[in-house]
Amino acid sequence: MVKKIERFVFDDDKTYKEIRGKYFTASRISEIMADGRVLMNEEELEAWKKENPKSKAKYKEDETVLSDGAITYILELIQILEGAPKPEYHNAAMEWGNVTERDAAIKYCEMNGYDLLADDVIYTSEGGKVFFVGDGLIGCTPDLILKDRIAQIKCPESSTHLRYKLQLTDDNFKTELPDYYAQMQTEMMLTERERGDFFSFDPRFIKTSLQAHRVQVKADKDFQNKIYRKAKLCSERRQEYIKMIDALEAKEMIAA
């Protein structure tokens with residue numbers, strides 16, 4: 001589990017993006033969570049075939065092995081460090097989310113007895129970018145930070161919002177939206193909150209009963225511990241790659 005948590009506030013987006021690019025952030029933490037695969041030894045393979053005689057599998061999942069998704073994420077962070085960031089992508093749906101988010105935050109507060117302007121409510125899109133860092137490994141910026149919980153605000157396309165409204169519950173959130181579940185667990189861990197709300201908002205629906213949907217998520221300590229273990233593995237691998245890059249550079253300098 002995380003031992004040291006730091007909170008930073010940045011006045012400009014440029015600095016915020018530069019700093020957060022050094023860490024494995026909550027919005028992408030699901031990319032490091034899958035276990036990698038290793039070959040089973042003879043004993044493991046024999047035991048597996050006894051239980052699964054029709055299976056031709058030769059590999060097993062291993063938490064200590066990084067998945068391809070985790071490796072890709074690590075390489076992207078090094079890419080940013082080396083001065084070659086990926087171009088930013090924007091579309092109409094993203095623009096709608098950005099424009100509507102504040103109204104969604106206001107609606108969330110109204111529905112749940114909070115005041116967006118109160119001292120004990122932090123809306124991280126205003127008044128400077130708030131960024132939490134755990135043990136120099138993991139970072140996050142929850143949309144709303146309240147005294148007893150965090151809230152993740154979403155303003156998706158109408159069809160997606162309607163699916164949330166009709167199908168998403170407290171009980172199935174983890175399986176239906178595993179990426180957001182991992183994100184919220186990271187945010188709860190770094191803000192030391194025991195609860196989180198996933199809040200979807202779409203004012204384009206005529207019926208007010210369809211405009212908002214909240215799902216409550218409890219802190220999952222076992223899952224949070226796995227996030228931390230995976231982040232440590234990824235950080236160690238990143239350092240290995242950086243050493244390899246430094247060695248290549250030194251070799252080229254000697255050759256020159």
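**Exercise 1. Is asparagine 52 buried, partly exposed or exposed?**

Start with where to look. This is a predicted model, and asparagine 52 sits in the loop between α2 (42–51) and β4 (59–66). Next, take its relative accessibility, which is 26%. Now bring in the cut-offs: buried means under 20%, exposed means over 50%, and partly exposed lies in between. So asparagine 52 counts as partly exposed.

One more thing to try while you're there: pick out alanine 212 as well. The two residues are 160 residues apart in sequence, and their C-alpha atoms are 46 Å apart in space.

**Exercise 2. Describe the chain as a whole.**

Step one, the parts: the chain has eight helices and eleven strands.

Step two, the dimensions: the C-alpha trace spans about 60 × 60 × 35 Å along its principal axes.

Step three, inside and outside: 40% of the 256 residues count as buried. The chain exposes about 15,200 Å², and carbon and sulfur atoms supply 51% of that area.

Step four, contacts: take those with a separation of 6 or more. Residues 24 or more positions apart account for 74% of them.

Step five, charges: there are 40 positive and 47 negative ones, and their mean positions are 3 Å apart.

**Exercise 3. Work out the five-stranded sheet. In what order do its strands come, and which are the edge strands?**

Here's a reminder before you trace anything: strands of a sheet pair through backbone hydrogen bonds, either parallel or antiparallel.

Going across, you meet β5-β8-β9-β10-β11, in an open sheet with mixed pairing. The edge strands are β5 (122–123) and β11 (212–218), as each of them pairs on one side only.

Now zoom in on one pair. Strand β9 (residues 150–154) and strand β10 (residues 195–201) run parallel and are joined by five bridges. Glutamine 152 stands opposite phenylalanine 198 of β10.

Then add the helices. Helix α7 (residues 178–191) packs on this sheet, touching β8, β9, β10 and β11, and its direction makes about 145° with that of β9. Helix α4 (residues 92–112) lies across β5, β8 (144–145), β9, β10 and β11, and runs at about 125° to β10.

**Exercise 4. Why does threonine 100 count as buried?**

First find it: threonine 100 is in helix α4. Its relative accessible area is 3%, and the cut-off for buried is under 20%. That's why threonine 100 counts as buried.

What does it touch? Skip its neighbours within four places in sequence, and threonine 100 is in contact with Cys155, Phe201 and Pro203.

**Exercise 5. Now do the four-stranded sheet. Which strands stand at its edges?**

The order is β1-β6-β7-β2, again an open sheet with mixed pairing. At the edges stand β1 (5–10) and β2 (24–25); each has a single partner strand, so one side of each is left without a neighbour in the sheet.

For a pair inside this sheet, try strand β6 (residues 129–134) and strand β7 (residues 138–140): they're antiparallel, with three bridges. Valine 133 has glycine 139 in β7 as its bridge partner.

Helix α1 (residues 13–20) packs on the sheet too, touching β1, β2 and β6, with its direction at about 15° to that of β6.

Finally, look for a helix you've already met. α7 lies across β1, β6 and β7, running at about 95° to β7.

Technical notes: Residues are numbered from 1 along each chain as its sequence is written. This is a predicted model: local features need pLDDT of at least 70, side-chain atom pairs count only at pLDDT 80 or more; totals for chains, interfaces and linings use all residues. Side-chain values use heavy atoms; hydrogens and water are left out. Helices (H or I, at least four residues) and strands (E, at least two) are DSSP runs, numbered from the N terminus. Buried means under 20% relative accessible area, exposed over 50%, partly exposed in between (1.4 Å probe, protein chains only). Contact means heavy atoms within 4.5 Å. Accessible areas come from the Shrake-Rupley method with a 1.4 Å probe; for residues, only the protein chains shown count as cover. Lys and Arg count as positive and Asp and Glu as negative; His and the chain ends are not counted. The place of a charge is taken as NZ of Lys, CZ of Arg, CG of Asp or CD of Glu. Two strands pair if DSSP finds at least two bridges between them. Axes are lines fitted to C-alpha atoms, for helices over the stretch in contact, and angles run from 0 to 180 degrees between N-to-C directions.
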